[in-house]
Amino acid sequence: MNFALSPMELEALSLSLKVALWASFASLPLAIGAAWILARTRFWGHGLFNAALHLPLVVPPVVVGYVLLVSFSKHGIIGAWLFDVFGISFAFSWRGAAVAAAVMAFPLMVRAIRLSLETVDMGLEQAAGTLGASKIKIFSTITLPLILPGIVTGLILAFARALGEFGATITFVSNIPGETQTLPLALYTLIQSPGGEAQAERLALLAVGVALAALMASEVMARLVRRKIGGTPDE
Amino acid sequence: MNKTFSDEAVLEIDVQKQIGGLNVDVNITAKRGVTSLFGRSGAGKSSIINMVAGLSTPDAGQIKVLGETLFSSKLNINIPTHKRRIGYVFQDARLFPHMTVRKNLEYGTPRNVETNSDHNFSDICELLGLNDLLARRPYNLSGGERQRVAIGRALLSYPKLLLMDEPLASLDLQRKSEIMPFIERLSDQFGIAVIYVSHSVEEVVRLSDTIALISDGKAIAQGSLSDVMNRIDLSPYTGRHEAGAVLNATVLETNAANGLSTLSVSGHTLWVPQIDLQANAPLRIRIRARDVALALSAPIDTSILNMLPATVREIAAHDGPHCELALEITPTAPHALTTETPEILIARITRRSLEQMNLKVGTALYAMMKAVAIDRRSLGGLGHGPRS
C-alpha cells in the first residue's frame, strides 16, 4: 500500500481542513454572543430563540442545505444583497461549504459555551465590578478566561462536526472537485464509481485519522486550559 | 482614648426596597472608623450594603458617600458599581481563580496611582502577611489566607469606603482570631471607613466603634457600641441568650497573681484570665447578662472574685420566667469626678428573684461575676492603645 497521498486525496483533505477551520473559528464570536444571550438574559421569545438555534440539530441536513441554497444563491435574499454590497458569492464555492458546515455545527458550539457560562460564578463578576472594572473589562478579564474550557470544547465539537458535514454541503454547493469536494463528498463519489473501493478505503482511514488527531488535540488543550485557570490542577 | 476622627459623615443612606417578603427601609449615617450593621441572618444587612455598592438598586431614596450622591431616585442618579469606588469584601472572598494572588491584588488598582501614596502594594502585603502568597493561586490558599487576600485586593482599589459582609462567618475560630487583628488595624492605619456586617456579637464588640442594629429590614437603633448594646429593651434583637453589657476598661496588671490579670472599670478592680496587653491599655469587655448575679449586701466568704457596687437603672420584664436589669456601676470616689457617663452592666435574673429581693429602680446592690465569666474572646482592644 502506498502511504503517500494522491493529489485528489490531498486536495480533499486540505479543503476539508480549510472549510472546517473557517466554519468553527469564524462563527465563534457569534456563538459566544448567542450563548451569552441564552445564559444571561430573559426576554419574550427566549424559548423561540433557543429552539431556532437548535434547529440544525434536528432538521434533516438536506433541508438546511436547501434553505441555504434558496437564500444564498445570487437570486436569494441574502445572496443577492451580499453580492451587490460586497461582491461575495457563496453559491458553489468553498465559502458556501464553510457556511453550511458552520450552520450545522453552530448549535453544538453554542451549547458547549452556554454550559460553561452557566457555571461561571456571577459573584466573581460582581467582585470585579466593585474593583472598578467596566462591563467590557469584566467580560474580557473574568468571564472570557473562565469559559475558555467551554470555548475549546465548543470549537473542537464544531470542527469535528464541520469535518463530517455532508448533506447540507452537497445540497447547497454541490460536489465540485477542488472547490467543494470535501473528504466525505470525495468518499461518496468514490463509492458511487465502479472500482473505487480501494481508494474509498484509504479516504475512510484518512477521515478516521483526522478525527482522532482532533480529539487528541482537544484533550491536550483542555488539560492546558484547566491548568491555566486553576481550580483543580491535576484532575 | 477615643478616636479623633472628624465628625463628617462618610456614608449617608436613606433607602427603601422591597426584596421578596422583606421590606428594607433604613436611614443610617456612618462616620469614620468601623460601623457595624448587626442583626440576625435575613434581617437585610447584606441587602443594604449591596445597595451601597450598586450591586442592587433601591426602589427609592438616596445614598451619599463622602458627600457625593451615588444614588438618588429623586434626582435620577444611579452611578454604576465600577465608578463608585466602594471596596467590598465578600463572605466567600471571591478571588479570581485564574489569576495568581498578585494579579488578584493588582486587579483593582487604578493605573494612575503614585507608588508613594499613603498605602502602597508592599505596605498592604506587609500588613496582611501576603508576601509569601503572591505567586500562589487561590485554590491552594486556606480560608483565612483567601480572606486576607480579598481584604488586600479591596484596599488596593483605593476605595472611599470599605464594605465587609460577614468576612469571618465561614471561618473556624482559629482563622477568625487570625484575621481580626488585621481588620482592627484597617481603619486606624489607612484612615478608611469600614461598614462591617455581622451577626456575631463577639466580632461586633471587638471591631466596631458605632453600630446600627438591623431587624426585619429596619435600623431599630444606632449609636455608639455601648449605647446600643447596653439597652435592655433591645436585648430581644441583640439575642437574649447572648445579651450582655459592653464596658470600657483599662489594664491594671497583666500578670497579677495566679495566672490572672486585673482591669479597672470605673475605679473598681476586675480579675480576668491573663491577657497579653500592656498596663494602661484601654479595652472593651463584654459581660453576659446571664453571668451576673445580684446581692443586696456585700457577700462575704464567697468564691466569686468580681463584685461591683451598682444601682438599678431600668428593669425590663420579657415573656417567660426571666427579666433583665440595667445597672449603673457606682464609680469609686476619685473616679466619680472624672467619669461623665457611668458604665452600665446588664443582669438577667428570674422574676421570682426580682420579687423576693424587692428590686426597684434606684435600689443599691452588688453585682457579682466569676472571673471566668468575662468572655475572653470579647476582650476587644480599642485598637489604639499600646500593644505587646
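These legends describe close-up views of a predicted model with chains A and B.

**View 1. Overall build of chain B.**
Chain B contains 10 helices and 21 strands. Of its 388 residues, 51% are buried. Contacts across long stretches of sequence are a major part of the picture: among contacts in chain B with a separation of 6 or more, 69% join residues 24 or more positions apart. The exposed surface of chain B comes to about 17000 Å². Carbon and sulfur atoms supply 47% of that surface.

**View 2. The interface between chain B and chain A.**
Here 20 residues of chain B are in contact with 22 residues of chain A. The size of an interface is often given as the accessible area lost when the parts come together. For chain B and chain A, the buried area is about 1800 Å². Carbon and sulfur atoms give 64% of it. Three residues, His82(B), His98(B) and Tyr107(B), supply 35% of the area that chain B buries against chain A, more than any other three residues. The count of salt bridges between the two chains is zero. Polar contacts do occur, with five residue pairs between chain B and chain A. On the chain B side, β7 (86-89) and α4 (143-155) each supply at least two of the touching residues. By class, that side has 12 nonpolar, five polar and three charged residues.

**View 3. Arg94(B) at the chain A contact.**
Arg94(B) sits in the loop between β7 and α2 (101-106) of chain B. Its relative accessible area is 17%, so Arg94(B) counts as buried. The side chain of Arg94(B) makes a polar contact of 3.0 Å with the side chain of Gln126(A). Beyond its neighbours within four places in sequence, Arg94(B) also touches Gly123(A), Leu124(A) and Ala127(A) of chain A. Within chain B, Arg94(B) is in contact with Arg153(B).

**View 4. Ser157(B), after helix α4.**
Ser157(B) lies in the loop between α4 and β8 (161-165) of chain B. With a relative accessibility of 7%, Ser157(B) is buried. Its side chain reaches the backbone oxygen of Ala154(B) at 2.7 Å. Setting aside residues up to four places away in sequence, Ser157(B) touches Leu131(A) from the other chain. In chain B, Ser157(B) touches Arg85(B), Gly108(B), Thr109(B) and Pro110(B).

**View 5. Helix α6 of chain A.**
Ala112(A) belongs to helix α6 (residues 94-119) of chain A. Ala112(A) is buried, at 13% relative accessible area. Not counting residues up to four places away in sequence, Ala112(A) touches Gly150(A), Thr153(A), Gly154(A) and Leu157(A). Ala112(A) and Pro149(A) are 37 residues apart in sequence, yet their C-alpha atoms are 9.0 Å apart. The same helix α6 carries both Arg114(A) and Glu118(A). Their side chains meet in a salt bridge of 3.0 Å, N to O. The two residues are four apart in the helix, so about one helical turn separates them. Arg114(A) is buried at 17%, whereas Glu118(A) is partly exposed at 42%.

**View 6. Two salt bridges within chain B.**
The structure holds 12 salt bridges over all chains. One of them joins the side chains of Lys45(B) and Glu166(B), at 3.9 Å from N to O. Lys45(B) lies in helix α1 (residues 45-53) and Glu166(B) in the loop between β8 and α5 (173-190), so the pair ties together parts 121 residues apart in sequence. Lys45(B) is buried at 4% relative accessibility. Glu166(B) is buried too, at 9%. A further salt bridge links Glu324(B) and Arg348(B), with the closest N and O atoms 3.7 Å apart. This pair joins strand β18 (residues 322-329) to strand β19 (residues 344-350), across 24 residues. Glu324(B) is buried at 0% relative accessibility. Arg348(B) is partly exposed at 21%.

**View 7. Two residues with positive phi in chain B.**
Most residues other than glycine have a negative phi. Asp216(B) is not a glycine, but has a positive phi of about 55 degrees. Asp216(B) lies in the loop between β10 (210-215) and β11 (218-224). At 54% relative accessibility, Asp216(B) is exposed. Asn358(B), also not a glycine, has a positive phi of about 55 degrees. The loop between α10 (351-357) and β20 (364-369) holds Asn358(B). Asn358(B) is partly exposed, at 48% relative accessible area.

Notes:
Residues numbered from 1 in each chain as written. Chains lettered and ligands numbered in written order. Predicted model: local features only at pLDDT ≥ 70, side-chain atom pairs only at ≥ 80, totals over all residues. Heavy atoms only, no water. Contact = heavy atoms within 4.5 Å. Buried area = accessible area lost by both parts, 1.4 Å probe. Salt bridge = Lys/Arg side-chain N within 4 Å of Asp/Glu carboxyl O. Polar contact = N/O pair within 3.5 Å; in protein donor to acceptor, adjacent residues only side chain to side chain. Nonpolar A, V, L, I, M, F, W, Y, C, P; charged D, E, K, R; others polar. Buried < 20%, exposed > 50% of the residue type's maximum accessible area, 1.4 Å probe, protein only. Areas by Shrake-Rupley, 256 points an atom, 1.4 Å probe, with all protein chains shown as cover.
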